[in-house]
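Visitor: Could you walk me through this protein, one question at a time?
Guide: Gladly, let's look at it together.

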Amino acid sequence: MRFLSRKLSIALTLTCPLTLPLGVSAQETLPFIHHEAAAESMLTNFEKRHQFAIAQLKDPYKKELTEQYQKRYEALGKIYRGRQLLTDTLATSYLQKLVNHILKANPQLRQLQPSIHFSRAWWPNAVSYGEGTIAFNISLFNRLQNEAQAAFVICHELAHLSLDHSNRNIREYVQEVNSPEFQQQLKEINKSEYQRNKRTDELLRGLSFTDRRHSRTHEYAADSMAIVLLQSTGYDLRESLSTLALLDAIDKEKHNGNLALKEQFHFADYPFRARWTRAPSLTMSEARDAMVKQQQENTDSLKTHPDCSKRIAALKPTIEKGYKASQQLFLVSADTFAVLANRFDAELVAYCLDSEEYGRALYYALQLFRGQPRNAWLATTIASCLNKLYNAQKNHALGKVIDLPGSTRNKEYEEWLLFLQNVRLDELASLSYFFVKQHYPHFNGNAHFKKEAEAARVNYRSHKQLP
């Protein structure tokens with residue numbers, strides 16, 4: 001599936017779930033604990049696969065291929081070392097059982113020795129990197145409705161691995177760059193007097209594979225093979241179509257509509273300001289640019305997962321022929337599936353906290369808090385993020401911890417980013433203070449919440465005359 005461009009060099013820190021206070025249900029979402037030993041084992045296996053892949057190279061361009069494999073190793077190494085992969089026993093055990101079921105039904109895949117992991121990344125996707133690693137983002141898993149859909153995602157990525165799509169992309173890139181025609185174009189650019197760097201970048205842009213995106217042709221091929229693999233497992237083939245339909249609308253958040261800014265940031269002693277969500281006035285030129293951008297965003301090419309409707313149409317005849325009434329939605333554990341889909345909501349918040357994306361972490365936490373108003377971890381996370389955003393804005397570093405408006409296709413998230421841009425420093429201190437003041441009676445027995453409450457009070461006091 002199409003892999004989104006994201007910087008991979010994110011330094012993550014250990015997330016420590018808070019203890020549940022009295023009155024908090026065990027069903028409420030909390031993040032997982034990181035297990036260092038499991039992470040080390042994953043890293044060791046990854047390094048072995050990399051060395052094996054290097055040793056297998058016998059191409060005329062072995063040196064150049066080795067360099068590209070090394071770049072992949074360095075990028076993936078940051079994922080393995082950066083605690084982006086989930087290590088919780090319940091999650092990893094469940095995923096491995098699901099994978100083992102697929103491999104048992106398709107023994108020809110065992111020689112691939114795939115290493116499939118849940119990734120904590122917030123963007124909804126799954127990706128096969130080519131050397132054996134397959135990342136299944138929890139932000140995609142927690143949108144799924146059943147195991148059959150998850151199995152289709154895994155089969156799709158196994159198909160990419162089996163068909164060697166990622167490595168073929170690398171080989172084609174190296175061969176093209178070293179071709180006489182390409183080298184001649186480079187020579188002509190170097191002879192020119194103007195815009196050498198720009199022209200070179202334009203020449204290379206169409207050949208870049210660094211984000212591991214598969215071509216649309218590869219997606220159709222992986223879909224076709226995935227159906228063949230899925231049919232052997234006993235899972236409901238029709239769920240592959242529902243998965244693609246879900247991907248077609250994946251750019252909308254799972255809990256879209258739960259933010260309710262005017263409700264969550266309205267307090268008796270500090271009412272919500274309409275100005276916080278008011279878009280700035282546009283000049284004629286800016287309005288025209290915005291209209292053009294809106295027209296562009298309506299195109300399928302800018303979707304996270306384009307061509308889904310066409311892929312559905314291409315698969316329908318095969319699925320109608322291969323579907324049997326005996327095929328199932330769940331074959332490993334419906335209960336564990338539900339537990340993980342729920343827990344992954346909190347894990348996304350934790351990942352954004354760890355990667356210092358405080359604006360997004362707060363956005364997700366507020367969405368969940370409306371349905372879990374007695375969740376101490378969420379309340380503490382909200383207070384912590386507000387305090388961190390205050391400190392970032394105070395130090396003129398807010399742009400480092402939040403996204404800029406216009407960076408996504410999600411209307412509600414865009415409203416949230418506009419809100420963060422409009423709130424002044426003293427207002428941010430007030431929001432944090434009145435949030436903890438309102439919820440203090442419920443969480444004053446939690447040491448973590450009390451710590452954030454005191455920090456909010458100190459920040460508020462610096463702008464108001466408080467004792």
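Visitor: What distance should helix H19 span at 1.5 Å a residue?
Guide: Helix H19 covers residues 447–461, which makes 15 residues. Helices here are DSSP runs of H or I with at least four residues, numbered from the N terminus. The expected span is 1.5 Å times one less than the number of residues. The C-alpha atoms at the ends of H19 are 21 Å apart, which agrees with the expected 21 Å.

Visitor: What kind of model is this, and how are residues numbered?
Guide: This is a predicted model, where local features need pLDDT of at least 70, side-chain atom pairs count only at pLDDT 80 or more, and totals for chains, interfaces and linings use all residues. Side-chain values use heavy atoms, leaving out hydrogens and water, and residues are numbered along each chain as its sequence is written, from 1.

Visitor: Where do the buried residues of H19 sit around the axis?
Guide: Buried means under 20% relative accessible area, exposed over 50%, and partly exposed in between (1.4 Å probe, protein chains only). In H19, the buried residues are Phe449, Glu452, Ala453, Ala456, Asn459 and Tyr460. The arc they cover, taken from the directions between the helix axis and the C-beta atoms, is only 125°, so they lie on the same side of H19.

Visitor: Which residues are exposed on the other side of H19?
Guide: Turn H19 away from its buried residues, which pack against H16 and helix H18 (425–443). On the other side, the exposed residues are Ala447 and Lys451.

Visitor: Which residue caps the N-terminal end of H19?
Guide: Look for a polar contact, a pair of N or O atoms within 3.5 Å; within protein, one must be able to donate a hydrogen and the other to accept it, and residues adjacent in sequence count only if both atoms are side-chain atoms. Here a side-chain oxygen lies 3.0 Å from the backbone nitrogen of His448. That oxygen belongs to the capping residue, Asn446.

Visitor: Which helix gives the largest share of the largest nonpolar core?
Guide: A nonpolar core is a set of buried Ala, Val, Leu, Ile, Met, Phe, Trp, Tyr and Cys residues joined through side-chain atoms within 4.5 Å. The largest one has 104 residues, and Phe265 and Trp416 are among those touching the most other members. Eleven of its residues come from one helix, residues 376–394, namely H16.

Visitor: How many disulfides does the structure hold?
Guide: A disulfide is counted when a pair of cysteine sulfur atoms lies within 2.5 Å. Cys155 is buried, with a relative accessible area of 0%. The number of disulfides in the structure is zero.

Technical notes
Helices (H or I, at least four residues) and strands (E, at least two) are DSSP runs, numbered from the N terminus. Contact means heavy atoms within 4.5 Å.
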